[in-house]
Amino acid sequence: MDQTAAAAGALAGVKVLDLSRVLAGPWCTQILADLGADVVKVELPGAGDDTRHWGPPFLQDAQGQDTDQASYFAACNRNKRSVTIDMSKPQGQALIRQLAEQADVLVENFKVGGLKKYGLDYASLAALNPRLVYCSVTGFGQTGPYAERAGYDLLIQASSGMMSITGRADGEPGGGGVRVGVALTDLFTGVYASTAVLAALRAREQTGRGQHVDMALLDVGMAILANQASGYLNTGKVPQRQGNSHPSLAPYQDFPTADGAMLLAIGNDGQFARWCEAAGQPEWSRDARFATNTARVRHRTTLIPAMEEITRQRSTAQWVALLEDKAVPCGPINDIGQAFADPQVVARGLRQEMPRDAGDGIASIAGVASPLRLSEHPPVLRNAPPALGQHTDAVLGELGLSVARIAELKASGVV
């Protein structure tokens with residue numbers, strides 16, 4: 001293996017111009033950056049990405065005091081370079097066009113048609129750079145009656161049906177639709193968008209041409225309904241909320257223990273039989289009501305209360321220890337602090353410390369390591385999440401601008 005190539009990443013040499021803000025677009029470009037692409041993030045002078053101000057919580061300085069920089073931004077902007085350009089000014093637009101002429105990929109999440117007035121839409125930039133892969137991320141896509149609407153993750157979780165299958169059933173205490181605890185459709189849109197960009201780059205190798213990628217949060221929200229959507233489409237039955245239980249598997253949910261709760265995720269009859277043996281109820285796996293998964297789903301109202309009487313007799317740790325060598329999926333319901341302290345999480349190095357020297361008193365930022373584990377070209381941390389405009393001089397210098405010209409642009413508020 002070429003160690004230099006591995007350290008540079010699988011996408012070394014790919015230039016990405018990131019005009020996106022908040023989460024879906026930046027999540028896409030962070031994935032590309034983690035894989036080695038040179039991502040230049042364009043932000044508004046003096047303000048930057050919206051999420052720089054979405055706090056608390058805020059990043060802390062070396063003395064442990066809150067700064068005015070929100071931690072949200074750090075979640076999706078590592079390995080990028082930040083340049084500040086005001087695209088509302090003609091000179092700013094010209095700079096972005098120069099960057100786009102040299103780029104392989106551009107990612108933006110403005111409203112449909114929002115960049116056309118600046119001459120930064122796909123048609124305009126493709127005329128300058130036919131090899132450009134131009135990815136647009138919107139709430140509802142480039143076509144359809146809702147194309148002009150702004151889209152946010154919470155809105156999409158509601159309108160896609162995701163909230164209708166998340167939460168306790170209406171008749172239970174605390175019943176009603178709830179959102180997932182992170183911006184799920186934003187994140188999945190970022191993942192799907194990075195996949196589409198990589199596919200477009202691969203296609204460019206054959207055609208020599210880039211293309212326009214149209215990513216919509218609503219499309220993704222509908223797609224990730226997965227088995228729930230398939231069930232509805234093929235039966236006409238609308239899925240309902242049922243808490244932590246599964247519509248097609250049983251037992252597959254949380255159970256009370258002597259000191260709290262645990263998760264059992266039993267996915268086949270063999271696992272259920274082994275649980276029954278370990279729990280001292282071997283006859284349950286031979287009971288016609290429980291012997292098969294289909295039977296257990298149909299008789300869950302009998303099975304689950306009976307199991308709960310058993311699970312309350314041991315602590316969560318005792319159940320995990322008992323079942324660990326029996327290939328029965330069982331685990332605690334961790335909070336995030338407990339999850340990062342978990343030995344497996346520690347062993348996988350999922351907490352990542354990112355040193356930063358941006359002159360703002362923030363010496364290090366903690367984050368989650370990329371989950372992409374490539375044996376030959378693993379993701380490499382090159383840059384901590386940048387301070388606003390941290391790389392403006394360097395990026396503009398690479399365009400051939402002199403120090404004096406950059407100073408002029410700063411004085412006029414263009415950068």
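Guide: A salt bridge is a side-chain nitrogen of Lys or Arg within 4 Å of a carboxyl oxygen of Asp or Glu. Keep in mind that the model above is a predicted one.

Visitor: How far apart are N and O in the salt bridge of Arg356 and Asp360?
Guide: Side chains of opposite charge can pair when their charged atoms come close. Here Arg356 is buried at 8% relative accessibility, while Asp360 is partly exposed at 25%. Their side chains meet in a salt bridge, and the N to O distance is 2.3 Å.

Visitor: Which residues do salt bridges with shared partners join into one network?
Guide: A salt bridge can share a partner with another one, and that is how a network gets built here. Its members are Asp38, Arg81 and Glu398.

Visitor: How many salt bridges does the whole structure hold?
Guide: We've met the one between Arg356 and Asp360. Asp287 and Arg289 make another, with their closest N and O atoms 2.8 Å apart, and Arg289 is partly exposed at 36% relative accessibility. For the structure as a whole, the number of salt bridges is 18.

Visitor: How many residues apart in sequence are the parts that Arg241 and Asp170 tie together?
Guide: The closest N and O atoms of Arg241 and Asp170 are 2.1 Å apart, and the pair forms a salt bridge. Arg241 sits in the loop between helix 9 and strand 9, and Asp170 in the loop between helix 6 (153-159) and helix 7. So the bridge ties together parts whose separation in sequence is 71 residues.

Visitor: Of Arg241 and Asp170, which one counts as exposed?
Guide: To count as exposed, a residue needs over 50% relative accessible area, and to count as buried, under 20%. Arg241 has 15%, so that one is buried. With 59%, the exposed partner is Asp170.

Visitor: Which residues make the nonpolar surface patch of about 330 Å²?
Guide: One member is in the loop between helix 9 (226-235) and strand 9 (252-257), namely Val238. Val238 is exposed, at 55% relative accessible area. The patch of about 330 Å² is made by Tyr232, Leu233 and Val238.

Visitor: Let's go inside. Which residues touch the most other members of the largest nonpolar core?
Guide: In soluble globular proteins, nonpolar side chains tend to be buried together. The largest nonpolar core here has 31 residues, and helix 2 (24-34), strand 6 (105-108) and helix 7 (184-207) are among the elements that give it two or more. The members that touch the most others are Val105 and Cys135.

Visitor: How many residues are in the other core that lies apart from this one?
Guide: Val83, Met87, Val395 and Val414 are among the members of that other core. Its size is 28 residues.

Visitor: How many disulfides does a search of the whole structure find?
Guide: A disulfide needs two cysteine sulfur atoms within 2.5 Å. Cys28 has its closest cysteine sulfur in Cys135, 5.3 Å away, so that pair is too far apart for a bond. Cys330 has its closest in Cys276, at 14 Å, which is also too far. Across the whole structure, the number of disulfides is zero.

Visitor: How many of the 11 residues of helix 2 are buried?
Guide: Cys28 has 0% relative accessibility, so it counts as buried. Cys28 has plenty of company in helix 2, including Ala24, Ile31 and Leu32. Helix 2 is mostly covered, and of its 11 residues the number buried is 10.

Visitor: Which residue just after helix 2 takes a positive phi?
Guide: The place to look is just past the end of helix 2, where phi is about 115°. That residue is Gly36.

Visitor: Is Gln352 buried or exposed?
Guide: Gln352 belongs to strand 12 (residues 351-355). Gln352 touches several residues from elsewhere in the sequence, including Arg78, Ile365 and Leu381. Its relative accessible area is 18%, and under 20% means a residue is buried, so Gln352 is buried.

Visitor: Last one: how far apart in space are Gln318 and Ala258, C-alpha to C-alpha?
Guide: Gln318 lies in helix 13 (residues 316-323) and is partly exposed at 45% relative accessibility. In sequence, Gln318 and Ala258 are 60 residues apart. In space, their C-alpha to C-alpha distance is 9.6 Å.

Notes: Residues numbered from 1 in each chain as written. Predicted model: local features only at pLDDT ≥ 70, side-chain atom pairs only at ≥ 80, totals over all residues. Heavy atoms only, no water. Patch = residues over 30% accessible without salt bridge, like charges linked within 9 Å, V, L, I, M, F, W, Y side chains within 5 Å. Areas by Shrake-Rupley, 256 points an atom, 1.4 Å probe, with all protein chains shown as cover. Helix = DSSP H or I, 4+ residues; strand = E, 2+ residues; numbered from the N terminus. Buried < 20%, exposed > 50% of the residue type's maximum accessible area, 1.4 Å probe, protein only. Core = buried A, V, L, I, M, F, W, Y, C linked by side-chain atoms within 4.5 Å. Contact = heavy atoms within 4.5 Å. Lists of a residue's contacts leave out its neighbours within four places in sequence.
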